[in-house]
Amino acid sequence: MKKILLITTTLIALMIWNGCKRGVPNADLSDTLPPVFPDYSGVTVPVNITPLHFQMTDNATRMYVKAQGAKSGMLEINHLKSAAFKLAQWKQFLEENAGDSLSFTVYAKYKDKGWIQYLPFTVYVNPVPVNQYLVYRLIAPGYEVYSKMGIYQRDLSSFKEIPLLENTLIPGNCMNCHSFTGNNPDNMSLHIRGELGGTIIKKGEEIEILNTKTKETAGNCVYPYWHPSGDFIVYSVNQTIQVFHAIRDERIEVIDLASDVVVYHPESRKIISTELLTTNDFETFPSFSPDGKTLYFSSSAFQKIPGNYKEIRYNLCAIAFDPKTMTFGDHVDTLVNAAAMGKSISYARPSPDGKYIMFTLFDYGNFSIWHKEADLWLYDLRDGSLREMKEVNSDDVESYHSWSSEGTWFVFSSRRLDGLYTRPFFACINEEGEISKPFLLPQKEPLEFYNMTFFSYNVPEFVTGLVDWDLGKVEKMLTEGKRDSIEYRNK
Amino acid sequence: MKHKGKWMEWLAAGTLTVTAFLFFLFLYPYHNLLKEQMTLFLHTSDNFLSYLNKPAWLTSYAGDLLTQFYITAAGGAVIVSLSLLTEWLLFRKVFRSFGMLSAPASAMAAIPVAVEFLFHCGLHYPLSSTLSTLLALGSFLLIIRIRNRHLYTWLFLPVFAFVYYLAGHGVIIFTALWLVFGLTRIVKNRLLIFIPALLGMLIPLLLRPVFLISPAQAYKYPIKAPLSLNISFTWEKILALDYQTQKGNWFKVIYLAQQYGMQNRVASYYTNLALSQSDLLGDWLFLFYQPGPGALFLPVSQLSTPLTIAFSNEVFFRLGDMNMAQHSAMLGMIFSQNHRSSRLTKRLAEIHIAIGDAPAAEKYLGLLEKTLFYRKWAREQRTLLHATDVPLREKIPSVDTVRLADDYVNALEILLESNPENKMALDYLLCTHILRKDIPAFREAYDKWFVWRAETIPVVYAQALIVSLYREGASDEALQAYGIPYSVMNHFMEYTNAYGKSGGDPAPLQEVYGNTFWFYYHFAMLQQ
């Protein structure tokens with residue numbers, strides 16, 4: 001009896017093993033792509049990306065996946081819930097097929113239909129690696145809340161997420177606007193709002209916390225962007241109000257009552273600006289060109305608030321900046337007259353190679369995250385041409401975006417999944433300006449993860465390495481309350 | 001005799017357990033019902049894993065798992081009373097292990113249980129905290145089985161770290177008991193006991209950067225809100241109004257409000273909502289305590305409490321002011337202790353169904369489908385995802401404008417401009433002006449929105465209107481044209497005479513005129 005049991009068990013085990021190894025026999029062929037989440041069909045991924053786990057969105061009870069490399073290698077997955085690849089195998093698989101493609105064939109088992117074999121989908125592997133870490137804030141969507149939030153760094157080569165700062169350490173305070181010098185994790189700026197408020201500046205091992213409000217400026221420094229040299233940070237200074245729409249298709253606006261652009265020089269602890277950047281009009285969302293000689297920003301003619309809120313339209317502007325003399329040019333150039341198009345521009349982000357400026361274009365105002373029509377556009381700095389990035393845009397919001405340091409990859413925020421929670425998507429652009437189909441930040445169990453979380457991914461920024469700081473020291477400095485003041489010097 | 005004594009102890013414990021059960025079932029059910037609403041327990045692996053990155057993960061997980069059964073008053077009463085009984089048993093056993101006799105040990109054990117009982121009467125005290133204490137007591141009873149003094153000492157730190165990770169603040173009781181037991185029963189050298197105990201108490205501080213929590217939180221976890229030892233029947237009554245409001249039992253709310261006679265803004269907020277839903281606001285407004293215009297809306301600001309923020313969406317939602325309802329529901333959830341709430345997730349699903357945002361509604365319904373008790377509701381709601389005849393949708397304005405969060409008058413006018421049939425918005429607008437004592441604004445709104453309605457003028461509006469007309473010296477014909485009943489006119493004349501005679505003293509007017517707008521106008525002190 002024992003022998004029979006042993007033989008039967010061994011045979012069953014062999015059959016299962018065989019089934020796992022050689023696919024699914026007698027599967028009906030489907031002429032559609034598999035209903036999986038996330039949609040990886042036709043996307044391009046960097047060679048160093050973490051395994052692209054995906055799950056069936058229908059009532060399949062089991063899935064078998066065969067991933068075949070165009071150059072070499074094959075991975076097989078037989079799983080109940082998700083296609084989950086082993087990290088080491090996946091890494092080798094991608095490296096072997098860099099510059100070519102992977103083909104995924106999905107078989108799904110259904111209670112009523114048995115096994116179905118879907119059409120294979122292709123994933124292209126770009127040999128250019130993306131920066132290894134992505135830093136973002138997790139926060140409830142759209143509202144200025146002082147409750148649960150945190151800034152995290154995600155290793156894009158694995159599923160590891162490391163907290164950079166959570167406000168459970170400093171209860172009742174809000175943190176926002178993390179920024180780095182050209183994707184370098186050594187230099188970081190981060191603003192804390194609330195009782196323990198201040199602007200944290202990290203330069204290498206040194207950390208200081210500033211009170212960036214001066215007599216001459218209307219408020220604290222808000223939206224930052226580092227100069228490529230690391231010697232300056234350009235900020236906008238904004239006085240804002242939050243207002244609510246009446247209709248159901250639009251929800252919230254955050255409107256500037258006043259806003260200017262200033263440049264902070266950490267070495268001298270001085271703020272400089274020019275009357276061209278501190279007019280009665282609204283100037284905001286500044287950034288530096290990769291050579292550090294031009295300062296880009298959004299500018300709108302002054303409007304009465306809140307009555308004329310729909311008339312606020314920001315153009316993309318530029319002014320020369322000389323880092324040696326810390327002086328500005330004598331005029332402002334309007335690169336894109338969005339107001340004339342009946343549109344508004346935010347988040348001008350020049351590519352590291354200096355070819356493009358990527359920005360968000362939407363109907364009015366500066367709070368693009370609640371504008372469903374908000375899309376990404378490219379301004380070509382070589383010939384001044386404009387193009388909509390149709391390859392990555394959706395019917396829902398595309399908003400904040402940033403470049404990886406090599407200038408091939410970029411990340412952007414989109415609400416295309418549920419219209420409410422912002423998720424990071426990645427895409428690349430090649431030498432010819434061709435843009436790939438974007439893919440969602442991979443997760444171990446993506447369907448559960450994105451459906452269950454109540455937090456939006458806010459301000460995704462690439463960094464080349466892990467941000468390393470002494471959290472104990474930062475907490476101590478924050479709770480001690482000492483803030484270094486800065487001075488304003490008009491130039 | 002010995003046997004009889006033991007029976008007496010058990011009888012007392014049983015009686016107290018049953019008393020606690022009956023107390024939470026009949027006298028104090030709404031605190032537990034609220035605790036369930038402010039928790040969202042998902043039966044998913046991600047939810048389980050999310051507990052692992054903070055101390056007290058096991059008791060927090062178990063506490064939240066059990067809290068979902070607070071969905072009925074009986075569920076909460078059973079779980080709390082049984083956990084208190086368990087705590088008493090464990091404390092009793094602990095005291096017995098110190099050599100106490102049975103009766104004194106039982107009596108002593110009742111003291112921490114009584115304190116625990118009072119904690120459970122607080123608004124935010126989590127069941128996980130009780131479970132932390134139980135786990136700590138259990139761990140202590142296990143460790144004292146070790147009679148080898150070296151092992152007793154050396155095992156302390158690893159057990160401490162383990163208990164801390166599983167049960168958070170329970171380690172404080174665990175350490176205290178271990179210390180006393182060690183000193184009295186195991187080790188003669190005090191240093192051998194004190195040094196590990198002190199080192200142990202440093203562990204939460206050392207581990208706190210890993211868990212990203214403040215020093216105070218490191219010793220309190222899983223307790224997140226300040227502790228209270230009060231049995232607050234005031235809050236219990238408010239929560240009763242809140243609960244019945246959610247169920248749509250409007251006459252029950254009005255009945256309870258009448259019974260309670262509370263002078264409390266949140267109670268007035270729910271009473272006024274129930275009156276408006278029963279179409280009685282214009283008649284019965286002053287039959288209840290009115291602290292001012294703040295009795296109509298609960299603000300969502302940095303000065304608000306997390307609980308009032310959670311409550312504030314009820315009026316916005318029913319008005320059809322969906323963006324504000326979403327704002328307050330979302331903030332209510334994020335500000336809640338666990339940053340997740342079944343009640344507010346339900347409301348967010350309802351809001352997105354009302355505005356026709358199916359993808360967002362699906363997200364919330366998907367979450368609720370992962371719960372034990374809201375699964376069915378969520379599946380039913382899915383049928384409304386693409387419906388076009390959602391009742392609340394017609395209340396939502398169709399013409400856009402923007403407003404500040406606390407600009408209620410503007411918000412109500414926007415609602416009425418789009419949908420003059422929105423009776424609740426009209427009542428709230430008129431009552432806002434009345435409670436602000438702003439007669440010209442009331443008159444303007446009345447003339448614009450109410451005068452053309454073919455319905456009898458409610459008493460309170462008539463009382464405000466007559467003041468406005470009287471001020472402008474309107475004729476009798478004008479009064480009649482507005483349809484002000486003779487009874488109100490006569491009453492007004494009587495009040496005017498009585499007020500003149502009173503010399504500004506409210507006492508003689510209170511009994512007869514205390515429920516009129518005129519009395520409110522002259523004597524009410526408006527609260528911000």
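Mentor: Domain bounds come from an automatic or database domain assignment, and the model discussed here is a predicted one.

Trainee: What does the domain assignment of chain B give, and how far apart do the C-alpha centres of domain 1 and domain 3 lie?

Mentor: For chain B the assignment gives domain 1 (2-220), domain 2 (232-291) and domain 3 (454-528). Between the C-alpha centres of domain 1 of chain B and domain 3 of chain B there are 60 Å, while the C-alpha trace of chain B spans about 100 × 55 × 40 Å along its principal axes.

Trainee: Why is Lys237(B) called partly exposed?

Mentor: Buried means under 20% relative accessible area and exposed means over 50%; Lys237(B) has 31% relative accessibility, and therefore counts as partly exposed. Lys237(B) belongs to helix 13 (residues 233-247) of chain B, and its C-alpha atom is separated by 9.0 Å from that of Tyr28(B), although the two are 209 residues apart along the chain.

Trainee: What makes Asp186(A) partly exposed, and in which strand is its place?

Mentor: With the bounds for partly exposed set at 20% and 50%, the 40% relative accessibility of Asp186(A) lies in between, so this residue counts as partly exposed. Its place is in strand 15 (residues 184-193) of chain A.

Trainee: Which residues form the negative surface patch that includes Asp186(A), and what makes it negative?

Mentor: The patch is formed by Asp186(A), Glu205(A), Asp468(A) and Asp470(A); because Asp and Glu count as negative, the patch is called negative.

How values were computed:
Residues are numbered from 1 along each chain as its sequence is written. Chains are lettered from A and ligands numbered from 1 in the order in which they are written. This is a predicted model: local features need pLDDT of at least 70, side-chain atom pairs count only at pLDDT 80 or more; totals for chains, interfaces and linings use all residues. Side-chain values use heavy atoms; hydrogens and water are left out. Patches are made of residues with over 30% relative accessible area and no salt bridge: like charges are joined within 9 Å, nonpolar side chains (Val, Leu, Ile, Met, Phe, Trp, Tyr) within 5 Å. Accessible areas come from the Shrake-Rupley method with a 1.4 Å probe; for residues, only the protein chains shown count as cover. A salt bridge is a side-chain nitrogen of Lys or Arg within 4 Å of a carboxyl oxygen of Asp or Glu. The place of a charge is taken as NZ of Lys, CZ of Arg, CG of Asp or CD of Glu. Helices (H or I, at least four residues) and strands (E, at least two) are DSSP runs, numbered from the N terminus. Buried means under 20% relative accessible area, exposed over 50%, partly exposed in between (1.4 Å probe, protein chains only).
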